[in-house]
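This report walks a new reader through one structure, moving from a single helix to the two chains, their sheets and the place where they touch. Please keep the sequence and the 3D view at hand while reading.

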Amino acid sequence: MVRRPSRRAYVGQWVFLLVVVAIAGLMMNELGTNLARRNLHFGFGFLVDQAHFDIPFHLISWSVFDTYGRVLLVSLLNTLLVSAMGVVAATLLGLLVGIMRLSVNWLVRNIALAFIEFVRNTPQLVQIIFWYLAVLQTLPSPRQSIVIPGGLLLNIRGLYVPDVIMREEGSLLTWLACFLLAATPFIWQVPLLGRRLGAKALVLPLIAAAMLGVGIERIEFPALTGFNITGGTQVPPELVALWAGLSIYAAAFIAEIVRSSIQAVAQGQTEAARSLGLRKGQVLLLIVLPQALRMMVPQLTSQYLNLIKSSTLGAAVAYPEIFQLFAGTVMNQANKEVETIIIVMAVFLFVNLLFSAFMNWYNNHVALVER
Amino acid sequence: MLRHMTKLATCCAVVAGIIGFAGASWAQSEVKSATLDAVKKRGQLICGVDTGIPGFAFQDAAGKWQGLDVAYCQAIATAVLGDPTKVKYVGTTSKVRFSVLQSGEIDVLIRDSTHTLTRNTELGLAYGGLNFFTGEAFMVKKSLNVAHAKELNGATICVLTGTTLELNIADYGRANNIKINTLLFEKPEEAFAAAEAGRCDGYTDDGGSVAAARSAMKNPKDWIILPELISREFLGAYTRQGDERWTVLVNWVHYAMLEAEVLGITKANIDKVKGETKDPETRSFLGLEENFGKQLGVDNAWAYNLVKAVGNYGENYDTYFGPLELPRGWNNLYTKGGLQYPLPWR
């Protein structure tokens, strides 16, 4: 029965799976016994308990009467915010440095090289703390805030941007505007009389902008009262430092990926483009980069995943991300160590799997079709 | 004949073995404590302390551990092993300290940790004596002209995460209808740096640690400690539940430090006192009478040894908190209006 190699492999795989499940079961059992021995009880009921502590930076509303479950949501959003900002900044900076690395100009080329080597060869945690202290040391106290045209204030407590206060019915308008923005790329593709709609779809974002404009009741400018600036939205220096630390570190690796991908584009492409009379800049922008960018998607994915995971280093600079807040404060206040760590790991697994699934889809979408 | 001899020898060996076994278990049965046995066998105490806070536990320029909590580790090691140097210090952050203790990586946790109801119940930790009475205090920049904690509405305060402090601040704000913003740090170093740079208006911690924080500032005179204590933070040693005799020993090491001060015995005069004293309480404390040491499962001269090695409570307080200009207050002996008292040496 198991003489056929394919069958044998099949049986082998099942046996292996059973062994893995058995080991996992044993470990769970052992965990339960150990917890019981220390008078600890496993369970996730604590998520509905009130937290009773304050969170310094939150994107959605927060009060001390909210639950540990909401702490998870608040801190996850903080993590996603800095990760998203980091991914965008790292990509742009990495692209720039990677291209600089191939410049014919000696100075430009070597500045890029020095940047990459310096950033790649020092620990990321040290860099983040460096940026934090550097940011803190250079900015003035709230009373000596730097006034930036447009009603912005910059001081050691962060960057304060004016708050836009929406009317009652504003939130509905905001949702509609978001919907219109999200729909734009799809409308773009809609065929009309044998052709795609294309740029005509850009009328939708304009409508969205107009709707938002109508929804605004007033704009609240930040001002100094007492200890702190009140009014406006605060971008804390912790966020800026973590953002800088994450994106600069990832950018150094991305720069090398960009360089290698550009060099991997067949030399013949450049020569052919040159012989057609394109200028150097045109060759890079129109011929080489579009091919190189497609090649680097799989490698970029792993850099992005690293960046998302490294956002947990924000705990060192008091940025309230999921690791510090949920696997830190909540772990201690609710006395649920195993549970909080399991939740944080599950959340990262979910976020990263979702992200890499998207990147794989995107890669399949844009990958060069080899002939 | 030879066969008989062999039988006899076997019989003797068995009997001897039984007697030996019974004897061994007899000797051990006096004090049953897995932790105490493990420490004796290892020849070293593994003591969980703070990662670095002046006053309680810090490493000096030579890398040697110093501080009140460290003195307690040394006192326990002296009581059990007769040598204050037989300690391995494990620096623990506020976040992981209790897990490290629960998992058995350390024998005792003496890390300026507050004793609370949930820690005694849900975390399964036992009470090992309170070596520092304090409350949560605030340190703010003098230039802010704040005199009382109630005036901190709208201020941003740097705090360490994983502590009772976060809850205290939120509760205090609710009770007084003010809003105090917090910034949560994992380690004191970054929190100090942020306070120094002006990212926060102040720093909060237990009274002793705040005094330590002030001493760590570039210019301590620029900072004032507000008079209010917004909570009770009674700090002390923790052990694991389920090993009562070890917990009892840790408690009595604490009482020995205090008893020595009550009796006026110091590191310097202990040999003189031992030679001259006729006071029964002093004599039993030093192990000249009674067998208190044996009852605890350690050498009968344990209290003598530990005072000789590390000194009494007051000496250690003056050494480590004197430089921080922190008056003894609650931590004075009960005879001097404080809260520190040893249980009777009976």
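How far apart are the end C-alpha atoms of helix α11 (residues 322–334) of chain A, and what would a straight helix reach at 1.5 Å a residue? In this predicted model, the end C-alpha atoms of α11(A), a helix of 13 residues, are only 15 Å apart, which falls short of the 18 Å that a straight helix would reach. The surroundings of this helix can be described as well: 13 of the 13 residues of α11(A) are buried, so the helix is largely enclosed by the rest of the structure. Just after α11(A) comes A:N335, which takes a positive phi of about 55°.

## The two chains

The table sets out the overall figures for each chain.

| Chain | Residues | Helices and strands | Share buried | C-alpha box along the principal axes |
|---|---|---|---|---|
| A | 371 residues | twelve helices, ten strands | 29% | roughly 80 × 80 × 55 Å |
| B | 346 residues | 14 helices, twelve strands | 49% | roughly 100 × 45 × 40 Å |

Contacts between residues at least 6 apart in sequence can be sorted by how far apart the partners are along the chain. In chain A, 65% of such contacts join residues at least 24 apart, and in chain B the share is 72%.

## A sheet in chain A

Chain A holds an open sheet of four strands, in the order β1-β2-β3-β10, with antiparallel pairing. At its edges stand β1 (146–148) and β10 (233–235) of chain A, and because each has a single partner strand, one side of each is left without a neighbour in the sheet. On average, and with direction ignored, neighbouring strands of this sheet are turned by 25° against each other. The partner of β1(A) is strand β2 (residues 152–155) of chain A, to which three bridges join it in an antiparallel run; here A:V147 stands opposite A:L153 in β2(A).

## A sheet in chain B and its helices

In chain B, five strands form an open sheet in the order β9-β8-β10-β7-β11, and the pairing is mixed. Why is one side of β9 and of β11 (223–225) of chain B left without a neighbour in the sheet? Both strands stand at the edges, and each has a single partner strand, so there is no neighbour on the other side. Neighbouring strands of this sheet are turned by 30° against each other on average, direction ignored.

Inside this sheet, strand β8 (residues 156–160) and strand β10 (residues 202–206) of chain B run parallel and are joined by two bridges, with B:I157 standing opposite B:G202 in β10(B). Helix α7 of chain B packs on the sheet, where it touches β8, β9 and β10 of chain B, and its direction makes about 165° with that of β8(B). Helix α8 (residues 207–216) of chain B lies across β7 (136–141), β10 and β11 of chain B, running at about 140° to β10(B).

One residue of α7(B), which spans residues 188–197, is B:P188. B:P188 counts as buried because 24 other C-beta atoms lie within 10 Å, where 20 or more are required. Leaving aside residues up to four places away in sequence, B:P188 touches B:I53 and B:L160. The C-alpha atoms of B:P188 and B:G52 are separated by 8.1 Å, although these residues are 136 residues apart along the chain.

## The nonpolar core

The largest nonpolar core has 158 residues, among which B:C47, B:C73, B:I76, B:C158 and B:V253 touch the most other members. Helix α7 (residues 237–264) of chain A gives the largest share of this core, 18 residues. As for B:C73, its contacts beyond four places in sequence are B:L45, B:C47, B:V49, B:V87, B:Y89 and B:I110.

## Where the chains touch

Between the chains, 30 residues of chain B are in contact with 31 residues of chain A. On the side of chain B that touches chain A, the elements giving two or more residues are α4 (97–102), α6 (165–176), β9 (181–185) and α7 of chain B. Of these, β9(B) gives the most, with five residues. By kind, the residues on this side of chain B divide into ten nonpolar, twelve polar and eight charged.

Notes. Residues numbered from 1 in each chain as written. Chains lettered and ligands numbered in written order. Predicted model: local features only at pLDDT ≥ 70, side-chain atom pairs only at ≥ 80, totals over all residues. Pairing = 2+ DSSP bridges. Axes fitted to C-alpha atoms, helices over the stretch in contact; angles between N-to-C directions. Contact = placed C-beta atoms within 7 Å. Core = buried A, V, L, I, M, F, W, Y, C linked by C-beta atoms within 7 Å. Nonpolar A, V, L, I, M, F, W, Y, C, P; charged D, E, K, R; others polar. Expected span 1.5 Å × (residues − 1).
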